[in-house]
Amino acid sequence: MRKPEIGIGLVGSGFMGRCHANAFRSVSGLFDVPAEPRLELIADANDDLAAHAAQALGFARSTGDWRTLVADDAIDIVAITAPNVLHAPIAHAAIAAGKTVYCEKPLSTTAALALEMTEAADAAGVITMVGFNFLRNPMVKLAREIIAAGEIGDVTGFRGRHAENYMADPDVPHSFRTDPQGGGALADIGSHIISMARYLLGPLAEVQADCRTVHATRPMSSDTDQRSSVEVDDMTHALIRFESGVSGSLEANWAATARTMDLSWEITGTRGALAFTQERMNELRLWRGAPGRSGYTRIEAGPAHPPYGAFCPAPGHHLGFNDLKVIEVAELLAAHAGHSVCSPDFREAYEVQRTVEAMQQSHRLRQWVAL
Ligand SMILES: NC(=O)c1ccc[n+]([C@@H]2O[C@H](COP(=O)([O-])OP(=O)(O)OC[C@H]3O[C@@H](n4cnc5c(N)ncnc54)[C@H](O)[C@@H]3O)[C@@H](O)[C@H]2O)c1
């Protein structure tokens, strides 16, 4: 029997738009999803960009105005992969139209706007999901299970980092990522390691951060040498304390020369430790310290770690970044059909955004800030 179809509307066709489109296209071949996604309508900044994207990514129709997409009756899920400043207006319109909203991180440009989005979604009773795709890694899920089962004893410390090099060159031009409204390394990639810290060890209680702009100016765009000042952080280092009492540190850094995807963390406990980096995303390292046998053991991802087996029946063949988005979309479709609860939703993403702002406030005040 043919599955019911579900209409997908995607806003934005850049790096993440392509990743979302790929996930919606391939999910039903890998997962037993309740409905078959139909790539119905794509919106971009103008008609030409949208038409080109529709052809390249397999959408039936296109529009240069996201409002048209959100109002379209054939759309059930609105996926937002446009620049951060557009997340709030698009999400509010989609919520008002009763659509499920799947938004990229960071949820918005300020915690206040993120809270408004969360409250609007709650009031309307619509399903929301936010693209913290790194949480979908089976190795990260395994780490959470190991911690919850007490296999490393009582957790004593956390050291987390999201470091990449894509802004290390001072001649990389301004973009939405350096927009004073909600830009900066902390909001852009710090949001990922904050969401990871919360997923593994629970809510944070207080933070003390140092935010630093490394490159004072950047070209205003890719087609000019004219430069303007940078008002956001290139790197932030923070001390953190969880509600559980566990303490640690966290770094967000997009000027980290030599690092390409170091979303990494190490968690110590009274009887063991865990370590992970997204640069080797198919491995989790576990230390259990048997006398004379101590040292990290490398656990290799395989079908024993669901949903790895949905992609491949053999260990060692490896999942990739785009596969995490496919897993995320499978979970979105299950939640849309009422089979599960969506997570991380807007409320969780608001908590992440609140943490980003607490760190920025701590930097300004030069003191600890409670959350
Ligand atoms: N989850 C992740 O791992 C991850 C990775 C990268 C980016 N992101 C997030 O995804 C979002 C997009 O980032 P990106 O790297 O894809 O950016 P991008 O610049 O590659 O793509 C942005 C897209 O939005 C389009 N756009 C701009 N104005 C628009 C408008 N008015 N209406 C419709 N479309 C418009 C652009 O033309 C482009 O197609 C950001 O919020 C970013 O933080 C998430």
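Where is the place of A258? I will start there and then move to the ligand. Please keep in mind that this is a predicted model.

A258 is in the loop between β12, residues 247-253, and β13, residues 262-269. The residue is not a glycine, yet A258 has a positive phi of about 90°. For background, most residues other than glycine have a negative phi, and most peptide bonds are trans.

That brings me to the peptide bonds. K105 and P106 are joined by a cis peptide bond, with omega about -15°. P106 lies in the loop that runs between β5 (100-103) and α5 (111-124). There is also a cis peptide bond between P306 and P307, and here omega is about 5°. P307 is in a loop as well, between β16 (296-300) and α8 (308-311).

Now K105 again, since this residue also belongs to the ligand site. There are 27 residues around the ligand, and those that come nearest are M16, D44, N84, K105 and N133.

Which contacts does the ligand make? I will take three. A polar side-chain atom of D44 lies 2.4 Å from an oxygen atom of the ligand. For N84, a polar side-chain atom is 2.6 Å from a ligand oxygen atom. With G131 the backbone is involved: a backbone N or O atom lies 3.0 Å from a nitrogen atom of the ligand.

How much of the ligand does the protein bury? Taken alone, the ligand exposes 850 Å², and 81% of that is buried by the protein. As for location, the ligand sits in the largest pocket.

Next, the parts of the chain that build the shell. The elements giving two or more residues to the shell around the ligand are α1 (15-30), α7 (185-201) and α9 (321-336). By domain, at least three shell residues come from each of domain 1, residues 5-133, and domain 2, residues 138-280 + 282-317 + 346-370.

Last, the make-up of that shell. Its residues divide into 12 nonpolar, 9 polar and 6 charged.

To go back over the main point: the ligand is in the largest pocket, and both domain 1 and domain 2 contribute to the shell around the ligand.

Notes: Residues are numbered from 1 along each chain as its sequence is written. This is a predicted model: local features need pLDDT of at least 70, side-chain atom pairs count only at pLDDT 80 or more; totals for chains, interfaces and linings use all residues. Side-chain values use heavy atoms; hydrogens and water are left out. A residue is near a molecule or strand if one of its heavy atoms lies within 4 Å of it. A polar contact is a pair of N or O atoms within 3.5 Å; within protein, one must be able to donate a hydrogen and the other to accept it, and residues adjacent in sequence count only if both atoms are side-chain atoms. Accessible areas come from the Shrake-Rupley method with a 1.4 Å probe; for residues, only the protein chains shown count as cover. On a 1 Å grid over the protein atoms alone, a cavity is a set of points where a 1.4 Å probe fits but cannot get out, and a pocket is an open set with protein on both sides within 12 Å along at least five of seven lines; lining residues have an atom within 4 Å of a point. A molecule sits in a cavity or pocket if more than half of its atoms lie within 2 Å of its grid points. Helices (H or I, at least four residues) and strands (E, at least two) are DSSP runs, numbered from the N terminus. Ala, Val, Leu, Ile, Met, Phe, Trp, Tyr, Cys and Pro count as nonpolar, Asp, Glu, Lys and Arg as charged, and the others, Gly among them, as polar. Domain bounds come from an automatic or database domain assignment.
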